[in-house]
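Let us take a friendly walk through this structure, one region at a time. Keep the 3D view open and rotate it as you read.

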There are 2 protein chains.
Amino acid sequence: MKKNPVVAVVGATGAVGREMLKVLEQRDFPAKDVRAFASARSKGVKLPFKGGEIIVEELTEDSFKGIDLALFSAGGGVSKKFAPIAAEDGCVVVDNSSAWRMDDNVPLVVPEVNPEDLDWHKGIIANPNCSTIQMVVVLKPLHDVAKIKRVVVSTYQAVSGTGQKAIQELENQVRQIFNMKEVECKVYPHQIAFNCLPHIDVFLDNDYTKEEMKMVNETKKIMHAPEIKVTATTVRVPVFYGHSESVNIEFYNSISAKEARAILSQAPGVKVLDNPKESIYPLAIYAAGEDDTFVGRIREDDTVDNGLNLWIVADNLRKGAALNAVQIAEHLIIRELLR
Amino acid sequence: MKKNPVVAVVGATGAVGREMLKVLEQRDFPAKDVRAFASARSKGVKLPFKGGEIIVEELTEDSFKGIDLALFSAGGGVSKKFAPIAAEDGCVVVDNSSAWRMDDNVPLVVPEVNPEDLDWHKGIIANPNCSTIQMVVVLKPLHDVAKIKRVVVSTYQAVSGTGQKAIQELENQVRQIFNMKEVECKVYPHQIAFNCLPHIDVFLDNDYTKEEMKMVNETKKIMHAPEIKVTATTVRVPVFYGHSESVNIEFYNSISAKEARAILSQAPGVKVLDNPKESIYPLAIYAAGEDDTFVGRIREDDTVDNGLNLWIVADNLRKGAALNAVQIAEHLIIRELLR
């Protein structure tokens, strides 16, 4: 990776794409140039960047000539088709879709957890699922100390994880309810306003959702720990930004709540907010716009040997998507410089 | 208990008290008379009942003369003081507060689970916590078949569980946000609109909340199963009515998802809604106003021997409070008649 790559954001008009541009700007990413691509429908849209504007170009098979780094967030279909084309042209792809995550030839990376996997990429690097990223950032430092046996996780996921249209749907439904109008459901199969949907992504043959199995399988791959058992229930809640997670962990070795707090307060990308008596614990509304993954409600679970309960919250569009992708790109540059 | 008791609703102007009157009316409870009590502040308030009105009386130490049955939902302090006075006057108290639940001389009853405990009451019967009731209604029939070892539960609880003021607070905060005004927090320590609070009731010395420990301790007492291990994370979500729960269960004996579905579809007070491919699963907005406890997302958890994941939803003001209290009263009458 060049020190000053030409960067493309693919799917630039979506919720994650817009956040990618914002993160590139905020972190003053050393790009020689930043270009934005989307479908023909969005061609010509102007996106704000560093005081100016980027004009969205239509994504075609020729788009990647002269591009060094492409951050993809345009859905699995686009990634499946265009990431190999980009890689063929010598461009490194960081892909936010689920298309390549479980491919054995594609590293799945959270920089705080497995940066070493960046060394063996073949042109495509996968960005994990939002709910997985914030969980593994917290699991990894605890696993290193006490070895995780099993995780039971239930999520409270924001609508922005679904995209711009879902943000609009929650807002519209709230207005419809407050104005005594009929509620329209276009994005979700049921009303999301003032409701909780135990249904994220599609259902699989085992009656788990694809989102739930992402948390199971991606965790094992990122942490190089196929032996960690994970069971998940993923739930959409009427929150705009910020995913929350209730995480129960069983360890092989003893670990107290106090030890976990000490370990996590030193962990990269993690901030401990854990003073319940003062009503201090992680909250979606405060995590929104932040880079850290927040953890609190750290307490021992005495229903198993070596158990802990945790409450983990992060901005799903940032650490859960755009920020993690840009951090991967930053690590690629740094690792190249250090080589 | 008389066949046609004179009934008092204590705390009649609260969210649960109003629901108690509604349930008494809907079920055509065989009351000779229904009276409503509250604090001096609410004296004279008119509450609708059976096409007419009940005028709220001030609760005093003399209120229970001539009352056969009192349904209390006026907070722990009022119950602690007035329930023994009522019992002394020969009135049977069904108390919705947490004041008496763990008292060894007070039965804690969910009629579908432990109606036999109604036989040894000494004038006070405790109604369990809302999030506990809907869980044990589902756990009991499964426990009878496969013996439960451990439960990990995370809740998604509606603001109506806190009371009328919290319903108003969620509505107010949504309006404030949509009108670009500052959000006011009076009931909860943080904004509840578009947010999730991992904080219900007060924090205890073990860093669990009182709500979490209610789920642990009340479950054991109701089910006469002190050996069942329960660990809970209880979370308030921006939903008006209906508590949802993500429940992971480990059994001693084998039980498949199919078997669990068959058992639960025969269980009293339970309705199975479990056809994920058609987007059919329990939802808070549809549970609101209903008497049943709904269960779905029933699936095997292969991270332990004999594991299941479930999604349980009920109307927290009805089965979680008012309905369960009235059902207790109905059972008292029936058991007396059958004696």
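What follows moves from sheets and strands to annotated sites and then to cysteines. Please keep in mind that the model is predicted.

A good place to begin is the parallel sheet in chain A. Strands of a sheet pair through backbone hydrogen bonds, either parallel or antiparallel. Here the sheet is open, has 6 strands with parallel pairing, and follows the order β5-β2-β1-β6-β7-β8 in chain A. At its edges lie β5 (57-58) and β8 (124-126) of chain A, each of which pairs on one side only. Within the sheet, strand β6 (residues 69-72) of chain A runs parallel to strand β7 (residues 92-95) of chain A, and 4 bridges join them. If you want a landmark there, look for A:Phe72, which stands opposite A:Asp95 in β7(A).

Now turn to chain B and its strand β7. Strand β6 (residues 69-72) of chain B runs parallel to β7(B), with 4 bridges between them, and B:Ala70 sits opposite B:Val93 in β7(B). Strand β8 (residues 124-126) of chain B also pairs with β7(B) in the parallel sense, over 3 bridges. In that pairing, B:Val94 has B:Ile125 of β8(B) as its bridge partner. How are β6(B) and β7(B) related through a helix? Together with helix α2 (residues 76-88) of chain B, they make a right-handed β-α-β unit.

The side chains of this strand are also worth a look. In a regular strand the side chains alternate between the two faces of the sheet. In strand β7 (residues 92-95) of chain B, B:Val92 and B:Val94 point one way, while B:Val93 and B:Asp95 point the other way. All of these residues are buried.

Back in chain A, we come to the annotated positions. The unreviewed UniProt entry places the feature "active site" at A:Cys130 and A:His243. These two are spread over 114 residues of sequence, yet they cluster in space, with a largest C-alpha distance of 8.2 Å. A:Cys130 lies in helix α3 (residues 130-146) of chain A, whereas A:His243 belongs to strand β11 (residues 243-251) of chain A.

Is A:Cys130 buried or exposed? Its relative accessibility is 13%, so it counts as buried. A:His243 has 0% relative accessibility and therefore counts as buried too. Setting aside residues up to four places away in sequence, A:Cys130 touches A:Gln157, A:Glu211, A:His243, A:Asn316 and A:Gly320. With its own neighbours within four places left out, A:His243 has contacts that include A:Cys130, A:Ser131, A:Gln134, A:Tyr156 and A:Arg236. The side chains of A:His243 and A:Gln157 are joined by a polar contact of 3.4 Å.

The unreviewed UniProt entry also carries the annotation "binding site", which covers positions including A:Thr13, A:Ser42, A:Ser160 and A:Asn316. The annotated positions are spread over 304 residues of sequence and are also spread in space, up to 26.0 Å between C-alpha atoms. A:Thr13 lies in the loop between β1 (6-10) and α1 (15-26) of chain A, and at 17% relative accessibility it counts as buried. Beyond residues up to four places away in sequence, A:Thr13 touches residues among them A:Arg18, A:Ser42 and A:Gln164. A:Ser160 is found in the loop between β9 (148-156) and α4 (164-178) of chain A. A:Ser160 is buried, with a relative accessible area of 1%. Outside its neighbours within four places in sequence, A:Ser160 has contacts including A:Ala15, A:Tyr241 and A:Asn316.

For a view of side chain to backbone contacts, pick B:Gln134, in helix α3 (residues 130-146) of chain B. B:Gln134 is buried, with a relative accessible area of 1%. A polar atom of its side chain lies 3.0 Å from the backbone oxygen of B:His243, and the side chain of B:Gln134 also reaches the backbone oxygen of B:Ile312 at 3.2 Å.

Finally, consider the cysteines. A disulfide is a covalent bond between the sulfur atoms of two cysteines. The count over all chains comes to 0 disulfides. Why does A:Cys185 not bond to A:Cys196? The sulfur of A:Cys185 is 14 Å from the closest cysteine sulfur, in A:Cys196, which is too far for a bond; the cut-off for a disulfide is 2.5 Å. A:Cys185 counts as partly exposed, at 37% relative accessibility, whereas B:Cys91 is buried, with a relative accessible area of 1%.

Notes: Residues numbered from 1 in each chain as written. Chains lettered and ligands numbered in written order. Predicted model: local features only at pLDDT ≥ 70, side-chain atom pairs only at ≥ 80, totals over all residues. Heavy atoms only, no water. UniProt positions renumbered as here; feature names shortened; annotations may be inferred. Helix = DSSP H or I, 4+ residues; strand = E, 2+ residues; numbered from the N terminus. Buried < 20%, exposed > 50% of the residue type's maximum accessible area, 1.4 Å probe, protein only. Contact = heavy atoms within 4.5 Å. Polar contact = N/O pair within 3.5 Å; in protein donor to acceptor, adjacent residues only side chain to side chain. Pairing = 2+ DSSP bridges. Right-handed = clockwise from strand over helix to strand, strands pointing away.
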